[in-house]
Amino acid sequence: MKTFWLDLRQKQNFMQQQGYQVSMLRTLLSDGSSANFLYRLTSALIRYRLTPLAFITLWLNKFINGCVLGAGCQFGKGLILMHPCGVVINSKVRGGDNIVIESGVVIGDEKGKAPTLGHNIFIGAGAKIIGGVRVGNGVKIGANAVVVKDLPDHVTAVGIPARIIKQEDHP
Ligand SMILES: CC(C)(COP(=O)(O)OP(=O)(O)OC[C@H]1O[C@@H](n2cnc3c(N)ncnc32)[C@H](O)[C@@H]1OP(=O)(O)O)[C@@H](O)C(=O)NCCC(=O)NCCS
């Protein structure tokens, strides 16, 4: 459960960046933390080949938090599910460290291929990322955007289909 602890630490940092000075206890009790916990538990159960138990925790996450994070999807440390309602993530999705996912985000497959996400990514409420696309490091995806093509590092993309509106110079 070390990864869950790292998720919580990152969530606390993120909330502080947004101007909310919150304790770890408050972070733990905030919306989304139980979804993070059940997702990490599901992943651990899969790793230990306890697949039937993993399907129970996956199911619990669906009924308690209203989100479906496929049993096989993999994220690095610092995953933040801010508001889990309506979040659906395909089992084949691979994500790096420090990814923030707002409510209603769908990261799904198309023609058997699923997205790969880099590190330090923000995905706004209602955004959809579909198919075998690659989302680079440091990308921000606007609320309700639909990403169907690769996004390079350090850009902000909005709209349907998502288009790049900002590109940061990064060393
Ligand atoms: C995409 C986002 C991250 C960009 O933030 P930002 O870098 O501060 O961008 P700005 O606010 O300066 O907006 C830049 C331009 O993009 C437009 N824009 C911003 N977000 C947009 C979105 N989601 N869809 C379409 N256009 C958007 C702005 O209108 C602005 O257009 P203009 O230059 O013609 O005026 C942010 O707007 C966003 O969508 N955040 C999601 C927040 C969220 O999901 N909150 C949920 C809380 S529960």
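**View 1. Helix α3 of the predicted model spans residues 33–47.** This helix has 15 residues and reaches 21 Å from its first C-alpha to its last, which is close to the 21 Å expected at 1.5 Å a residue. Just beyond the helix comes Arg49, a residue whose phi is positive, near 60°.

**View 2. Several residues of α3 are buried, among them Leu38, Tyr39 and Thr42.** The buried residues also include Ser33, Ala35, Asn36 and Arg40, together with Ser43, Ala44 and Leu45. Their cover includes three helices, α1 (2–17), α2 (24–29) and α4 (51–65), as well as the strands β1 (68–69), β2 (74–75) and β3.

**View 3. Six strands form an open sheet with mixed pairing.** Read across the sheet, the order of the strands is β3-β6-β9-β12-β14-β15. Because β3 (80–81) and β15 (163–167) stand at the edges and each has a single partner strand, one side of each is left without a neighbour in the sheet. Strand β3, which is among the elements that cover the buried residues of α3, is thus also an edge strand of this sheet.

**View 4. Strands β9 and β12 run parallel within the sheet.** Two bridges join β9, residues 121–123, to β12, residues 140–141, and Ile123 stands opposite Ile141 in β12.

**View 5. The whole chain, shown for context, has four helices and 15 strands.** Its C-alpha trace spans about 45 × 40 × 25 Å along the principal axes, and buried residues make up 46% of the 171 residues. The radius of gyration is 15 Å, which agrees with the value near 16 Å that a compact globule with 171 residues would have.

Technical notes. Residues are numbered from 1 along each chain as its sequence is written. This is a predicted model: local features need pLDDT of at least 70, side-chain atom pairs count only at pLDDT 80 or more; totals for chains, interfaces and linings use all residues. Side-chain values use heavy atoms; hydrogens and water are left out. Two strands pair if DSSP finds at least two bridges between them. The expected span of a helix is 1.5 Å times one less than its number of residues. Buried means under 20% relative accessible area, exposed over 50%, partly exposed in between (1.4 Å probe, protein chains only). Contact means heavy atoms within 4.5 Å. The radius of gyration is taken over C-alpha atoms; the globule rule is 2.2 Å times the number of residues to the power 0.38.
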